[in-house]
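Student: Got a minute to go through this model with me? I'd like to talk through its contacts.

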Amino acid sequence: MTQQDQGATSSRRGGRFRMPSRKGAPARAGAPVAASAPTAATTGGRARAVPGTTSRGIRQITQPITRSIEQVAGQTEGVWRPVAGILRWISPLGWTILALGLVCWFVGARWGWTELLMVAAAALLLFAICFVLALGRTKVRILAEVDPRRVVVGDPATGRILVTNEARTPMLPILVELPVGLSAARFVLPALTPGNAHEELFVVPTSRRGVIQVGPATTVQGDPLGLMRRTLTWTERTELFVHPRTVALESLGAGLLRDLEGSTTEDVSMSDLAFHALREYQPGDDRRYIHWRSSAKAGKLLVRQFLDTRRSHVTIIVDPDPEQYRSGHGKTGRSDRDVERDVMAANAPTAIQADVETAISVGSSIMVRVMLDEQDCTIVCGSQKVTKSVPQVGLDAMSRVEPGPVDLFTTSLDAADLAPDTSTCFIVTGPHRPFIELQRAAGQFPPEVTRVIVVLDPQADHGIRRGGGLVILTLTALEDLRTLLVSGVAR
């Protein structure tokens, strides 16, 4: 037994095992560590590499090679870039025909197979002819437009594309692809002589609210078999706004809204009122406002209808979450791929999306009526926010709304910050939205603000009720909005 073995044995007997010290002077306490520490350490007699050493070494080896390749590529860019552009013309079918011709040529020449040589010649000749057809520069001017630019859901919208040959030589027949929303229209243009134009008409589907992108157009030059495909995309595009469907409402004056709230209007002086229109006399109307001359002509009593001239500001919040409506399940942010696919459907609203579209139509109808009354209006729906604008701008914004989960409380905060002088607030939502969330959302506005909750529920009875400081209107369809507001005033 050596001296080290005896020392180890004695240390085991003492109840403590100590490793033998390494060779060299022991490090003193507090001695500074050298900056250039070794990259490997010994553990149990084996070398252990410090993490990152291997990758650092690989980078040091490959970095000069990468720099050399980049320099060569930069110097020869004028050569390989046109070649790469030409190779992009070849379609997968073209590569297949070319590969077939080369393989048949090699096998036929190697073993003297005449039939394969004939197949190779036919394939390579076909490839060459298609390549020649793809040559030449396409110089055209493309005009794509839609008329009208704004339509309501379901209204027809047509477009036209006008292609003019601006080259000095005749143009062979080409294919023009025009994206229309998520689909594309394809037109095969005839041969055009220099300066001539060709026009094609197309129909844009408007069965769903949204903004439909038309363009940019792409010209496809190649051969009839599709071996070559040379494309050129133009930058011009246009947008078609498909507005939500709205209903015509009567004037929503401040007095009407206060009647809907249930408060009295005795504090309004005559100086705050302006003559608005004539309407038929109803029991309870003040006889002082009967317009006798017009009544004599009409053969029935007509009274003056007044509008509160004090400026009011109406704020409308529309809930775009499909899960909060009757067709949903009340789960905000449900990550179901089927539901997301239905919500983002391109052609028509599905069952889960139909109620959201109706809610957007309800909010849009109120917005248009308020703006036509020349009152200030703010509408917030998802990421779209419009304040103190005109109906066309508001409807354009509502066309851009994408259904999806939202935080109604945060949306109300944004609306309150956007319209601090709000006098009336409408919140349009579905029956699955908890009432406590509606109270919190409406609570972001001052107590003097008239707060109306419009609940869209096709399976409920439409009506008006009050609770928690809110006026709750229940709608079964968009057409009930006008009747419900009128009946609310009569109460």
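What follows is a short chat about strands, rings and charged pairs in a predicted model.

Student: Let's start with β9: which residues of the strand point to the buried face?
Tutor: In a regular strand the side chains alternate between the two faces of the sheet. Strand β9, residues 210-214, does just that, with V211 and Q213 on the face that is not buried. The buried face belongs to G210, I212 and V214.

Student: And which residue in β12 stands opposite G210?
Tutor: Strand β12 covers residues 238-243 and runs antiparallel to β9, with five bridges joining the two. Across from G210 in β12 you'll find V242.

Student: How are the planes of F187 and F202 set, in degrees: what is the angle between them?
Tutor: The structure holds two aromatic pairs. One of them is F187 with F202, a tilted pair at 6.2 Å centre to centre. It links distant parts of the chain, F187 being in β7 (residues 183-189) and F202 in β8 (residues 197-204), 15 residues apart. Both F187 and F202 are buried, and the angle between their planes is 50°.

Student: Which ring does R440 lie over?
Tutor: Two arginines sit over ring faces here: R110 lies over W111, at 5.8 Å from the ring centre. For R440 the distance to the ring centre is 4.3 Å, and the ring is that of F409.

Student: Now salt bridges. Which residues are networked with R160?
Tutor: Side chains of opposite charge can pair when their charged atoms come close. R160 forms a salt bridge with E199, the closest N and O atoms being 3.1 Å apart. With E199 in β8 and R160 in β5 (residues 157-165), the pair ties together parts 39 residues apart in sequence. The network of salt bridges with R160 takes in E145 and E199.

Student: Is E199 buried or partly exposed?
Tutor: Its partner R160 has a relative accessible area of 25%, so R160 is partly exposed. E199 comes out at 41%, and that makes E199 partly exposed.

Student: How far apart in sequence are the parts tied together by R208 and E402?
Tutor: The side chains of R208 and E402 meet in a salt bridge at 3.9 Å, N to O. R208 lies in the loop between β8 and β9, while E402 lies in the loop between α10 (391-399) and α11 (408-418), so the parts they tie together are 194 residues apart.

Student: In the pair R326 and D457, which residue is buried?
Tutor: R326 and D457 form a salt bridge, with the closest N and O atoms 2.4 Å apart. The two sit in loops, R326 between β15 (313-318) and α8 (337-343), D457 between β19 (450-456) and β20 (463-467). R326 has 30% relative accessibility, so R326 counts as partly exposed. At 5%, the buried one is D457.

Student: What does the side chain of R433 make a polar contact with?
Tutor: R433 is in the loop between β18 (424-429) and α12 (435-442). Its relative accessibility is 6%, so R433 counts as buried. At 2.7 Å, the side chain of R433 contacts the side chain of D319.

Student: Last one: how many disulfides does the search find?
Tutor: There are buried cysteines, including C130 at 3% relative accessible area and C377 at 1%. A disulfide needs two cysteine sulfur atoms within 2.5 Å. Over the whole structure, the number found is zero.

How values were computed. Residues numbered from 1 in each chain as written. Predicted model: local features only at pLDDT ≥ 70, side-chain atom pairs only at ≥ 80, totals over all residues. Heavy atoms only, no water. Buried < 20%, exposed > 50% of the residue type's maximum accessible area, 1.4 Å probe, protein only. Helix = DSSP H or I, 4+ residues; strand = E, 2+ residues; numbered from the N terminus. Pairing = 2+ DSSP bridges. Polar contact = N/O pair within 3.5 Å; in protein donor to acceptor, adjacent residues only side chain to side chain. Phe/Tyr/Trp six-rings, centres within 6.5 Å; stacked < 30°, edge-to-face > 60°. Lys NZ or Arg CZ within 6 Å of the ring centre and 35° of its normal. Salt bridge = Lys/Arg side-chain N within 4 Å of Asp/Glu carboxyl O.
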